[in-house]
Amino acid sequence: MEKLDTWQWQMTNRIMDIPSLRHYVDISDEEASEIAMAQSKFRWAITPYYASLMDRHNEHCPIRMQAIPSILETHNQSGIQDPLQEEAQSPTPGTIHRYPDRVAFTVSSECAMYCRHCTRKRFVGQPVQRTTWQAIQAGIEYVRNTESIRDVLVTGGDPFILSDDRLEKILKALRSIDHVEIIRFGTRTPCTLPQRITDRLCDMLAKYHPIWVNTHFNHPKELTEEAAKAADRLLRVGIPLGNQSVLLRGINDSLETMKMLVHGLLKMRIRPYYMYQCDRIIGTEHFWTPLATGLDLVEQLQGHTTGFAVPQFIVDSPIGKIPLSHSKLVELTDDYAVLRNYEGQTMTIPCTVEAESAPVAI
Ligand SMILES: *Cc1c(COP(=O)(O)O)cnc(C)c1O
Ligand code: SF4
């Protein structure tokens with residue numbers, strides 16, 4: 001029993017074949033042969049913990065849909081491998097430098113569970129593309145030599161798949177660079193492998209503050225007691241938590257589900273940060289939602305719930321992340337503006353400043 005609680009046990013006992021999967025869910029022979037066909041496109045592996053959240057009888061279970069390969073991954077060939085042009089913006093093999101003051105630094109090409117909607121399928125889970133220590137060192141040197149970088153986003157794959165010692169080496173090196181102000185991690189382990197968030201890891205991370213962590217929960221079913229405990233351990237050592245979700249058709253693209261997700265996150269003291277439009281990665285078309293879905297969801301949350309429960313709706317692109325929302329500005333003239341509130345009521349406010357009260361230039 002006790003062994004089940006270690007992350008190493010979870011990793012070595014990951015589900016990677018149909019017989020093991022059948023311990024958790026009913027798989028018809030037809031579905032089994034489809035999985036066999038689809039798995040050549042993008043690797044699959046599921047932690048026993050994440051598999052235990054699956055609904056045995058429902059093939060539309062949101063946990064199943066995120067984790068088990070679908071034949072649609074091979075049918076749908078719209079989209080491209082790297083729509084964000086990350087490769088073109090990589091000064092070293094593991095760094096993506098798109099904004100002058102911050103850099104995304106991929107230190108691992110592996111994950112606890114391989115999300116079917118992954119944006120970085122082009123190298124995540126691919127043995128030939130495994131991130132090397134040399135590449136990590138080259139990334140660190142790039143940050144050291146680029147003084148405009150004040151924020152390093154350590155990502156992957158999943159950085160928390162690395163050992164505590166490896167992570168500490170990276171943190172120590174980054175912290176020795178004067179211009180690096182904040183270090184943040186993007187990791188899905190609190191969701192797919194909460195056992196990874198050990199006290200030992202948290203105490204190590206806390207030596208290198210200011211550290212921030214963004215995680216990746218997409219559905220309220222993922223907000224378990226184990227996940228809450230993992231979040232609590234990170235929070236107790238002073239690490240603020242944010243969540244980045246991806247809008248996925250049939251998984252979380254309804255108001256009811258999204259509300260349960262953001263409210264559940266707040267109860268775990270995780271602040272919803274971004275809700276992404278699913279990137280147009282090849283083999284993910286069955287997850288795509290119309291742009292209006294994200295816009296409407298944010299509209300239906302904003303004002304109707306706690307302000308900080310509402311994530312920004314983001315379309316990512318080679319020119320950066322672009323936040324979108326329906327405008328609340330109905331009309332704008334030189335003299336007045338008409339604004340709309342969350343219930344659809346409008347209000348006119350003056351927008352000129354009286355000459356007498358304006359600052360006087362001397
Ligand atoms: C998302 C991202 C960042 C961080 O963006 P924030 O909006 O600051 O969270 C930095 N670099 C790259 C390449 C990114 O994709
Ligand atoms: S955790 Fe992130 S990088 Fe890993 S498979 Fe999921 S989306 Fe891709």
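**Entry: serine 148**

I began with serine 148, which I found in the loop between helix 7 (133–145) and strand 3 (151–155). I should record at once that this is a predicted model, and that every value I note here is computed from it. Serine 148 is partly exposed, with a relative accessible area of 39%. I then looked up its separation from phenylalanine 42: the two residues are 106 positions apart in sequence, and their C-alpha atoms are 36 Å apart in space.

**Entry: the surroundings of ligand 1**

Next I asked myself which residues are around ligand 1. I listed Ile96, Arg98, Tyr99, Arg102, Ala104, Leu153, Arg184, Tyr273, Tyr274 and Lys321. Turning to the elements that supply this shell, I noted that strand 1 (95–99), strand 2 (102–106) and strand 7 (271–276) each give at least two residues to it, and that strand 1 gives the most, with three residues.

I then went through polar atoms facing the oxygens of ligand 1. For arginine 102, a polar side-chain atom lies 2.7 Å from an oxygen atom of the ligand. For arginine 184, an N or O atom of the side chain is 2.8 Å from a ligand oxygen, and for tyrosine 273 the corresponding side-chain distance to an oxygen of ligand 1 is 2.6 Å. I also looked up how much of the ligand is covered: on its own, ligand 1 has 380 Å² of accessible area, and the protein covers 91% of that. The space that ligand 1 takes up is the largest pocket.

**Entry: cysteines**

How many disulfides does the structure hold? I found zero. I took cysteine 278 as a case to follow: it is in no disulfide, and the nearest cysteine sulfur, belonging to cysteine 118, is 10.0 Å away. Because a disulfide requires a pair of cysteine sulfur atoms within 2.5 Å, that distance rules out a disulfide for cysteine 278. Cysteine 278 is buried, with a relative accessible area of 5%. I also looked up cysteine 115, and it too is buried, its relative accessible area being 11%.

**Entry: arginine 64**

Is arginine 64 buried or exposed? I placed this residue in helix 5 (residues 62–67), and with a relative accessible area of 3% I recorded arginine 64 as buried, because that value is under the 20% cut-off. Its side chain reaches the backbone oxygen of aspartate 55 at 3.1 Å.

**Entry: cis peptide bonds**

I turned to the peptide bonds and noted a cis bond joining glycine 156 and glycine 157, with omega at about 20°. Glycine 157 is in the loop between strand 3 and helix 8 (164–175). Another cis peptide bond joins histidine 209 and proline 210, and for this bond omega is about 0°. I located proline 210 in the loop between helix 10 (199–206) and strand 5 (211–215).

**Entry: positive phi angles**

Which sign does phi have at glutamine 85? I read a positive phi of about 50°, although glutamine 85 is not a glycine. The residue is found in the loop between helix 6 (72–75) and strand 1, and I noted that at 43% relative accessibility glutamine 85 counts as partly exposed. I made a similar note for arginine 269, a residue other than glycine whose phi is positive, near 60°; arginine 269 lies in the loop between helix 12 (255–267) and strand 7, and strand 7 is one of the strands I had already recorded as supplying the shell around ligand 1.

**Entry: two further loop residues**

I looked up arginine 249, which lies in the loop between strand 6 (241–246) and helix 12. Arginine 249 is partly exposed, with a relative accessible area of 43%. Its C-alpha atom is separated by 23 Å from that of glycine 186, a residue 63 positions away along the chain.

Last I took valine 107, in the loop between strand 2 and helix 7. Valine 107 is buried, with a relative accessible area of 1%. From valine 107 to glycine 125 I noted 18 residues in sequence and 13 Å in space, C-alpha to C-alpha.

Methods: Residues numbered from 1 in each chain as written. Chains lettered and ligands numbered in written order. Predicted model: local features only at pLDDT ≥ 70, side-chain atom pairs only at ≥ 80, totals over all residues. Heavy atoms only, no water. Buried < 20%, exposed > 50% of the residue type's maximum accessible area, 1.4 Å probe, protein only. Near = heavy atom within 4 Å. Polar contact = N/O pair within 3.5 Å; in protein donor to acceptor, adjacent residues only side chain to side chain. Areas by Shrake-Rupley, 256 points an atom, 1.4 Å probe, with all protein chains shown as cover. 1 Å grid on protein atoms, 1.4 Å probe; cavity = no way out; pocket = protein on both sides within 12 Å on 5 of 7 lines; lining within 4 Å. Sits in = over half its atoms within 2 Å of the grid points. Helix = DSSP H or I, 4+ residues; strand = E, 2+ residues; numbered from the N terminus.
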